[in-house]
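Hi,

Here's the structure I promised to pass on. Have a look at it first, and my notes on its pockets and cavities follow underneath.

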Amino acid sequence: MQIYLQSPPPLPSLCRSSSTIETPPIRKLKVITPPPPPLSLPKTVSPPLRRLNPFQNLAASLLDAVESSLIVDKLPKTVDPTVQISGNFSPVPECPVRHDLEIIGNLPACLRGVYLRNGANPMHAPIGGHHLFDGDGMIHAVTFHCGNKASYSCRFTRTSRLQQEAALGRPVFPKPIGELHGHQGLARLAIFLARAGIGLIDGSKGTGVTNAGLVYFNGRLLALSEDDLPYHVKIKDDGDLETIGRFNFNGQINCPMIAHPKVDPISGDLHGLSYNMIKKPYLKYLRFDRFGKKSRDVDITLPEPTMIHDFAITENHVVIPDHQVVFKLSEMVRGGSPVVFDPNKISRFGVLPKSEVDEKGIVWMEVPNCFCFHLWNAWEETGDNDEKTVVVLGSCMNPPDSIFNDRDQPLRIELTEIRMDVKNRKVTRRVFGSGMNLEAGQVNRGLVGRRTRFVYMAIAEPWPKCSGIAKVDLETGKVKKFLYGDGRYGGEPFYVSENGNCGGDNENEDGGFVVGFVRDEKRERSELVVVKAAEMEEVAAVRLPARVPYGFHGTFVSEEELKGQAPN
């Protein structure tokens, strides 16, 4: 049985119900994509292609033929599109703004602004391997208005990659996780370079999909994934979204930024990391003041290129994980994946003062057998004898590379507090919610880098779906659950404080609300739920006019912040 994944219709498009966009099961990997309706490009963007001469046309045809020969009949589950983008992980078309949505209950007064969530949403059917992380970035937005009203929209982030593939009507950029494996991965990389060499595609403007993180900084919403510069996305007055373009902080950076930069709620500074898989330095620390001016980069020496998807900040330090999942491109020559778990490497955290101009002040603390894909917060404590302790809160995954490579062992994800006595080089660990998979979470954003009592985590069961929210009390160790119900699943919960955005030390830390998208798989209905954090009880829900796939990370931009949004 051959099927087609549907590409979005010309924009603007009419929002369709989930019954018209669900992808039926794929029984053969060989997927043939018919000429899809073209994605309408913004008027300010010209199609990136130019007319090809006869030689270029011949070369392009030969490359297409070589690419077709690379299609295989069986792939591991971690890169099999029939697994990775099935059910509510499958893509949806764009939906322009829909107003006056049905509201169940009463929306809290502090929810004045926009909740946005990023996710992977492939525009075209995969022609080879595909991992969930490979899809094109799509942002879903719910805008909360006065009078218990809300609106919804979702838009692709118009990356250079997406626009070029839209003009060609098919995928041509290699998928970093799904396709760059072994000898076939090397062949696909060679095809990509050849296509760029003959002028069929342009890789000089980035190849990223910006499908992972979102951060609002200095009047700009930035969409991120670690393989490219951030993209600036404007939130329009009517709640729609518009991609402005790649954002290099006004010419101050020319390197990718990882998906989880941190905004210090006190200083307003933005902290970020950039890693390089090929050349040294393999890692850089970046810092921008609240006005967007960058200070000097700090090059950080690592023995080998390492996957660093997240990090943490405290009041005075940056906490950098250097764990056991590394990049070894040589493994492709041997027929394997370049993303490798190295059991001989000892995991460690680097504690670097924010004020340092080089890496001399970094202190490395070994934390064996630890792989935290995400870190939720960190802070500093001073003991009775003035000993300095850095506390890190993260989700430790085992086996560490389960989301990239097939493993027979069931995945366990433990919410873990790691206490590092920097002076005496002692490390202790404490697990919360033992026996529960807790991933994708948030603390009160106004307390990032400061000691927090509560963290709100997705209950990642049955993996990779999320069946509810766990409110974890870090003082008592108690866990209070909010379960979505039978056949209902969500994703990352996001905490919105009582004042609508940045709660501080004087705020009741659980006085706000937790929001997140939920899919009712039985009723085929999507909604946004609003949960009172103190009691962990639902107080409102917004019925959405279109299916919202399971996704990644989100943020909330308050009504007050929107007033200061940068025009470009």
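A quick definition before the notes: strands are DSSP runs of E at least two residues long, numbered from the N terminus, and that's how I use names like β30 below. Also, this is a predicted model. The chain averages a pLDDT of 85, with 88% of the residues at 70 or above. Over residues 1-49, though, the pLDDT is below 50, and that stretch still has 97 contacts in the model beyond near neighbours in sequence.

Cavities next. There are 6 of 30 Å³ or more. The largest holds about 80 Å³ and has 15 lining residues, with Arg117, Gly490, Gly491, Phe517 and Val518 nearest its centre. Two elements, β3 (113-120) and β30 (513-520), each give two or more residues to that lining, and β30 gives the most, with 4. By class, the lining of the largest cavity is 7 nonpolar, 5 polar and 3 charged.

The second largest cavity comes to about 70 Å³. Among the residues lining it are His124, His130, Asp134, Asp136, Arg161, Glu165 and Lys175; the class split there is 3 nonpolar, 3 polar and 5 charged.

On the pocket side, the second largest one has a volume of about 930 Å³. It is lined by 41 residues, and Val215, Tyr216, Lys262, Val263 and Arg445 sit closest to its centre. β6 (213-217) is one of the strands supplying at least two lining residues, and β6 gives the most, with 5. That lining divides into 20 nonpolar, 14 polar and 7 charged residues.

Cheers

How values were computed: Residues are numbered from 1 along each chain as its sequence is written. This is a predicted model: local features need pLDDT of at least 70, side-chain atom pairs count only at pLDDT 80 or more; totals for chains, interfaces and linings use all residues. Side-chain values use heavy atoms; hydrogens and water are left out. pLDDT is the predictor's confidence in each residue, from 0 to 100. Contact means heavy atoms within 4.5 Å. On a 1 Å grid over the protein atoms alone, a cavity is a set of points where a 1.4 Å probe fits but cannot get out, and a pocket is an open set with protein on both sides within 12 Å along at least five of seven lines; lining residues have an atom within 4 Å of a point. Grid points are joined across faces, edges and corners, and a volume is the space filled by probe spheres set on the points. Ala, Val, Leu, Ile, Met, Phe, Trp, Tyr, Cys and Pro count as nonpolar, Asp, Glu, Lys and Arg as charged, and the others, Gly among them, as polar.
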